[in-house]
Amino acid sequence: KLSSNSATLNGGAEQVFNTLLSTADTQIAAAGLTADKLTIKNYDSVLEGLISSLSDENAQKLAYNTALETVTATVNSQKDVIRTAVEATVRKSVTEQVLAAAGLDQYDAAVAAGQVSEEVQAQVSTAVSTQMSSSAVQTAIDSNTEAQIQSLIETNMNSEEVQSQIQAGVAKAQAGRKSLQALKTQLDSYNTFYQGVLSYTAGVDQANEGAQQILAGTYTLKDGTGSLVSGA
């Protein structure tokens, strides 16, 4: 009778285990983590992998890279504005060089006073435009723009706001690791019970099988005894 209930007992224990694993899958997804679907066979290795991925070192690296990605995207979204500012600075420098080469001191004041002819102004404008469109100047503008972007990224990464965000990310990862450790402890505890159920039912089934063999042997012995008595 006990042996006939083994399949039901094993199935019920397994169903509870799978329910716990399904709940754990939901918790992992809600935490923003990606992992294989948990099973009775793989839950231990999957959770160990997640816990290791949230070590203090990895948590720091993940939080920093996340912040860097956000800051970089924000700064790059202003690339055109930054380039325009760099270009204006370069144009001013080029204009000063052109005016110095032409011996035109106090050019803006002279233009405002009407002391520079339109022809000379046009020549100055053409000279500046020619130099601005040269590959050397454009390369310098590109280089300076990238340098400004990198400088802004570094400045933002070192800001108090971003550093606070990084620390908050680390704290969140640490909390997630503790939750996973608690979850694994819970599943390990039920797994111990589950394996005990399997061992118990296997023992009952084995005892039942042995009892049937003994019973069969008893009948054989009884029949043999009757034959012996008849023969005697």
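## Pockets, helices and salt bridges in a predicted model

Me: What volume does the largest pocket have?

Reply: The largest pocket has a volume of about 490 Å³. A pocket here is an open set of points on a 1 Å grid over the protein atoms alone, where a 1.4 Å probe fits, with protein on both sides within 12 Å along at least five of seven lines. Grid points are joined across faces, edges and corners, and the volume is the space filled by probe spheres set on the points.

Me: Which residues are closest to its centre?

Reply: The largest pocket is lined by 22 residues, and Ala31, Leu33, Leu54, Lys172 and Ala173 are the closest to its centre. A lining residue has an atom within 4 Å of a point.

Me: Before we go on, what sort of model is this?

Reply: This is a predicted model, in which local features need pLDDT of at least 70, side-chain atom pairs count only at pLDDT 80 or more, and totals for chains, interfaces and linings use all residues. Residues are numbered from 1 along each chain as its sequence is written, and side-chain values use heavy atoms, with hydrogens and water left out.

Me: Back to the largest pocket: which helices each supply at least two residues of its lining?

Reply: Helix H1 (6–30), helix H3 (56–76) and helix H8 (160–231) each do so. H8 provides the largest share, ten residues. Helices are DSSP runs of H or I with at least four residues, strands are runs of E with at least two, and both are numbered from the N terminus.

Me: How does that lining divide into nonpolar, polar and charged?

Reply: The lining of the largest pocket has 13 nonpolar residues, eight polar and one charged. Ala, Val, Leu, Ile, Met, Phe, Trp, Tyr, Cys and Pro count as nonpolar, Asp, Glu, Lys and Arg as charged, and the others, Gly among them, as polar.

Me: And the second largest pocket, how much space lies in it?

Reply: The second largest pocket holds about 150 Å³. Of its 13 lining residues, Val71, Thr74, Val75, Asn156 and Val162 are the closest to its centre. H3 gives the most to this lining, with five residues, and H3, helix H7 (135–157) and H8 each supply at least two. The lining divides into six nonpolar residues, six polar and one charged.

Me: Changing topic, how many helices and strands are there?

Reply: The protein chain has eight helices and zero strands. Buried residues, meaning those under 20% relative accessible area, with exposed over 50% and partly exposed in between (1.4 Å probe, protein chains only), make up 24% of its 232 residues.

Me: What span should H4 have, and what is the distance between its end C-alpha atoms?

Reply: Helix H4 (residues 79–102) has 24 residues, which at 1.5 Å a residue should span 34 Å, and its end C-alpha atoms are 34 Å apart, in agreement. The expected span is 1.5 Å times one less than the number of residues. H4 is followed by glycine 103, whose phi is positive, near 70°.

Me: Which residues of H4 are buried, and what covers them?

Reply: The buried residues of H4 are Ile82, Val86, Val90, Val94, Val98 and Leu99. Their cover includes H3, helix H5 (107–112), helix H6 (118–132) and H7. For H7, the buried residues are Val137, Ile141, Thr145, Ile149, Ile153 and Met157.

Me: How many salt bridges does the count come to?

Reply: The count comes to seven, where a salt bridge is a side-chain nitrogen of Lys or Arg within 4 Å of a carboxyl oxygen of Asp or Glu.

Me: How far apart are the closest N and O atoms of aspartate 44 and lysine 184?

Reply: The closest N and O atoms of aspartate 44 and lysine 184 are 2.9 Å apart. This pair links distant parts of the chain, with aspartate 44 in helix H2 and lysine 184 in helix H8, 140 residues apart.

Me: Is each of the two buried or partly exposed?

Reply: Lysine 184 is buried, with a relative accessible area of 10%, whereas aspartate 44 counts as partly exposed at 33%.

Me: What does the salt bridge of glutamate 146 and lysine 79 tie together?

Reply: Glutamate 146 and lysine 79 meet in a salt bridge at 3.2 Å, N to O. Glutamate 146 lies in helix H7 and lysine 79 in helix H4, so the pair ties together parts that are 67 residues apart in sequence. A network of salt bridges that share partners joins Asp44, Glu48, Lys184 and Asp188.

Note on methods: Contact means heavy atoms within 4.5 Å.
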